[in-house]
Amino acid sequence: MKIIRIWRVVSISVCVGMLLTLTGCWDRREINDVAFVLASAIDKEDDSFRVSVLIPLPGNMGSMGGGGGSGGQKPFAIKTETGKTVREAVSKLQFRLPRHLFFGHRRVIIIGEDLARTEGVKTVIDALTRTPENRLTAFIAITKGKAVDVLNADTRLERFSAESMRELLQSEASVRISVKDIISKIIAIGEDAFFPYVEKVRTNIKGSEAEDVLIEGFALTNSGKMTGVAKGSTAIGLRLLNQQFRKYDETISDQGNYLTLAINEAKVSIKPIIQNGNLSFRIHSKVKVSVNEDRNLNRNYDDYEQRKQIEQLVTKRVVEDIKLALDSMQHANCDAVGFGLHVYRAYPQIWTKQYRNEWDTIFPKIKFEVSATANLYRFGMTSENLGRKDQ
């Protein structure tokens, strides 16, 4: 009996001790005490950083779609503050708000062009990676002008500019680039980062004035600082050289008749060549093409020679676009494709001894040999009218 009593006392003591360690949700935070940040804008202001955040306001959302809210009020608020560092600006911003800023749901980070050119993006990336709740899958872009202006864009199709930018940055209008992608490029050997380059534009139709966010191309960087912009055909060439290819449309002229073609697939081969101590690259691109529209209604797609002519036009355009991208990257001294990484993989010892420390000087002078092939595999359902053909 004495042993049983001792056992009971010990068991009760252990249970009580375990209960004392269960302190409950001591660090809980009610949802009404949290300000969810959907997007951030970071600008340079004198020798400081200006950090702006977009916070949704559930009470102003109402039940209507688009960008409106109940009573015509915006369904979001933009708060901004400055600091000598990004983190100081966020801390000062937190002191002004009655709710706790939560960045775990942030979808988009916009960096102003002035900051990207002068200070560079490394400081911003460093601040992002030191806070555990920051999502490395958030999309990141550089904007023409002030980033806070883009954050405050009055987009009508979505409630928040953050949602509009997120959909745009993951669409076929651009290449998906997240914070994680930028980090991997910054720390990689022989490779520089590039960002989507966005701009706020206005629609001035009377009675339907609105603001939209447009992807103009890509911002090129060297050692984390913006050094140039690739737009138009140059941006298309960069997309062709990128391993994460996204399909796009291309309009070409065939003796005054215009065709709109869809470049549905593209595979690029990049081969570094060292001959007589000189480094060059051989680039070959294979694309698969379909016809979206042809203004030449008399074209006969059953004729092999006419199909071959279209493939030759596409091949010529692909080569031209890639050469424009290469010239732009060399002018900006931005190895956005990772040519240095290709050299390292093919000739690791030569790269380490001859090229690694001098790559910024060598890359702008490298020669490229560019070729391409096109395969027109789909050209639509319309051809000569079957009724007329029978007649």
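Modeller: Buried means under 20% relative accessible area, exposed means over 50%, and partly exposed lies in between (1.4 Å probe, protein chains only). This is a predicted model, so local features need pLDDT of at least 70 and side-chain atom pairs pLDDT 80 or more, while totals for chains, interfaces and linings use all residues. Residues are numbered from 1 along each chain as its sequence is written, and side-chain values use heavy atoms, leaving out hydrogens and water.

Biologist: Let's try a helix. Which residues of α4 are buried?

Modeller: Helices here are DSSP runs of H or I with at least four residues, strands are E runs of at least two, and both are numbered from the N terminus. In α4, residues 122-129, the buried ones are V124, I125 and L128. They sit on the same side of α4, because their arc around the axis is only 95 degrees; that arc is taken over the directions from the helix axis to the C-beta atoms.

Biologist: And what covers the buried residues of α4?

Modeller: Look for contacts, meaning heavy atoms within 4.5 Å. The cover includes strands β2 (39-45), β6 (108-112) and β7 (139-143), along with helices α3 (113-118) and α7 (179-187).

Biologist: Now the cores. Which residues touch the most other members of the largest nonpolar core?

Modeller: A nonpolar core is a set of buried Ala, Val, Leu, Ile, Met, Phe, Trp, Tyr and Cys residues joined through side-chain atoms within 4.5 Å. The largest has 82 residues, and V314, M329, F339 and W359 touch the most other members. Helix α9 (residues 304-332) gives the most to this core, nine residues. Pick F339: beyond its neighbours within four places in sequence, its contacts include I270, F281, M329 and W359.

Biologist: How should I read a salt bridge, say K44 with E119?

Modeller: Side chains of opposite charge can pair when their charged atoms come close. The cut-off is a Lys or Arg side-chain nitrogen within 4 Å of an Asp or Glu carboxyl oxygen. For K44 and E119, the closest N and O atoms are 3.7 Å apart. K44 is in strand β2 and E119 in the loop between α3 and α4, so the pair ties together parts 75 residues apart in sequence. K44 counts as buried at 14% relative accessibility, while E119 is partly exposed at 34%.

Biologist: Where do R117 and E113 lie?

Modeller: Both are in helix α3, four residues apart, about one turn of the helix. Their salt bridge is 2.9 Å, N to O. Another pair, R166 and E163, also comes to 2.9 Å, and those two belong to a salt-bridge network with R107 and E167.
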